[in-house]
Amino acid sequence: MQELVERYGMLLVFANVLALSLGLPVPAMPTLVLVGASVALHADPLWLPLAAVLLVSVTASLIGDTAWYYAGRRYGNRTLQSLCRLSLSRDSCLKQTERFYGRFGVRVLSVAKFVPGLSMVSVPLAGAMQARLPLFLRYDGLGAALWAGLGLALGAIFAPQVEAVLETLSQLGTGAGVLVGLALAAYVGYRWQRRRALLKALESARIEAGDLHGLIQAGQAPVVFDIRAPGFRDIDPYIIPGAVFADERKLEGILQTYPRQQKIVIYCACPDEVSAAWMAARLREHRFTDVLPLRGGIDAWRAAGLQVEPIPGG
């Protein structure tokens with residue numbers, strides 16, 4: 001393994017970082033640490049090869065991220081939802097990323113790679129929010145440099161310890177690969193099981209767009225909550241007619257405003273209506289008796305040929 005790192009370290013870094021930035025579930029930080037340690041143990045002077053590896057890493061990251069930036073710019077929310085379906089934390093990745101982006105704007109890219117889930121969605125979100133390309137490249141490049149620099153620095157600082165680990169793995173031979181594979185499989189399995197448990201715990205019942213429209217036409221319109229985060233309303237500035245904006249984290253105002261017998265329909269921008277189902281479950285805990293997520297959200301409403309209206313004042 002040591003020979004592999006020493007001989008192909010630069011290529012490994014490029015391929016690994018590019019694959020990660022394109023969305024493949026391959027950790028790149030361990031590769032950066034290994035290469036940083038290898039450089040520290042065998043290079044003199046140290047700074048020149050480390051700078052070269054850093055440049056390669058940033059270049060690879062920008063190539064992949066720019067592809068997602070343009071995907072977000074062209075396809076908007078569809079790109080974001082597709083990415084979240086690939087995520088093991090898709091119940092929260094849209095909401096958390098938008099809240100970070102809404103607070104810090106494109107500057108969030110300078111730290112996004114350090115926050116699980118945030119790095120996956122913040123790049124196409126910047127494109128969907130029409131961030132200027134030079135500004136995107138500036139902050140994304142800074143974030144890539146800080147992230148890769150940390151990995152290389154850790155490897156250089158703890159080079160003797162990394163070398164000892166590599167020697168131990170080399171002695172294990174093929175068993176080392178099996179051990180790493182089992183650890184990775186266990187991690188993915190754990191996250192997937194948590195995901196399944198969450199979905200099972202949430203409300204399984206949904207209301208279809210056609211059924212909601214039928215209630216409205218019959219004069220039995222429920223209260224419709226739009227709980228999409230503000231940034232996604234900027235991307236798609238339309239609502240189901242009569243919908244009310246709400247924040248699932250702030251239930252107190254809803255509890256004080258609506259009677260427990262009020263029929264409520266909730267839609268969000270999350271895959272599988274996870275945020276809407278979570279909010280429905282919380283309202284049921286407070287004795288609301290008729291609360292349902294809208295299956296497919298506003299996209300399903302449109303797909304059924306039903307009219308939307310511009311956000312008031314938008």
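Okay, one bit of vocabulary to start: when I say helix, I mean a DSSP run of H or I with at least four residues, and helices are numbered from the N terminus. With that in hand, D65 lies in helix α3, and that residue is where I'd like to begin. Before I do, please keep in mind that this is a predicted model.

Right, D65. Is D65 buried or exposed? The cut-off for buried is under 20% relative accessible area. D65 comes in at 3%, so the aspartate counts as buried. And what does D65 touch, leaving out residues up to four places away in sequence? The list is S21, K113, V123, F136 and D140. Two of those names, F136 and D140, come back in a moment, as part of the α7 side of a helix pair.

That pair is α3, residues 47-75, and α7, residues 133-157. In general, two packed helices are described by the angle between their axes and the distance between the axes. Here the angle is about 140 degrees and the axes are 8 Å apart. Now, which word goes with that angle, given that roughly antiparallel needs over 145 degrees? About 140 doesn't get there, and α3 and α7 are therefore oblique to each other. As for handedness, the crossing of these two is right-handed.

Who is in that contact? From α3 you have, among others, L50, V53, L54, V58 and L62, plus our D65 and the tyrosines Y69 and Y70. Facing them from α7 are residues including L133, F136, L137, D140, W147 and L152, with several alanines such as A144, A145 and A148. Sorted by type, the contact residues come to 16 nonpolar, 5 polar and 2 charged.

Just ahead of α7 there's a backbone curiosity. As a rule, most residues other than glycine have a negative phi. Q130, though, has a positive phi of about 65 degrees, and it's not a glycine. Q130 sits in the loop between α6, residues 118-128, and α7. Its relative accessibility is 44%, so Q130 counts as partly exposed.

Let's move along to the sheet. How many strands does this open sheet have, and in what order? There are 4, ordered β3-β1-β4-β5, with parallel pairing. The edges are β3, at 244-245, and β5, at 291-293, each pairing on one side only. Inside the sheet, β1, residues 223-226, pairs with β4, residues 264-267, over 4 bridges. If you want one bridge to look at on screen, take V224, whose partner in β4 is V265.

Lying across β1, β4 and β5 is helix α13, residues 274-285, which runs at about 170 degrees to β5. One of the residues in α13 is A281, and at 8% relative accessible area A281 is buried. A281 and P293 are 12 residues apart in sequence, and their C-alphas are 9.9 Å apart.

In the loop between α13 and β5 you'll find R287, another non-glycine with a positive phi, near 75 degrees. R287 has 61% relative accessibility, which means that it counts as exposed.

Last, the whole protein. It has 14 helices and 6 strands, and buried residues make up 42% of its 314 residues. Of the contacts between residues at least 6 apart in sequence, 76% join residues at least 24 apart. That's what I have for today.

Terms used:
Residues numbered from 1 in each chain as written. Predicted model: local features only at pLDDT ≥ 70, side-chain atom pairs only at ≥ 80, totals over all residues. Heavy atoms only, no water. Axes fitted to C-alpha atoms, helices over the stretch in contact; angles between N-to-C directions. Parallel < 35°, antiparallel > 145°, perpendicular 65-115°, else oblique. Left-handed = near helix turned anticlockwise from the far one by under 90°. Contact = heavy atoms within 4.5 Å. Nonpolar A, V, L, I, M, F, W, Y, C, P; charged D, E, K, R; others polar. Pairing = 2+ DSSP bridges. Buried < 20%, exposed > 50% of the residue type's maximum accessible area, 1.4 Å probe, protein only.
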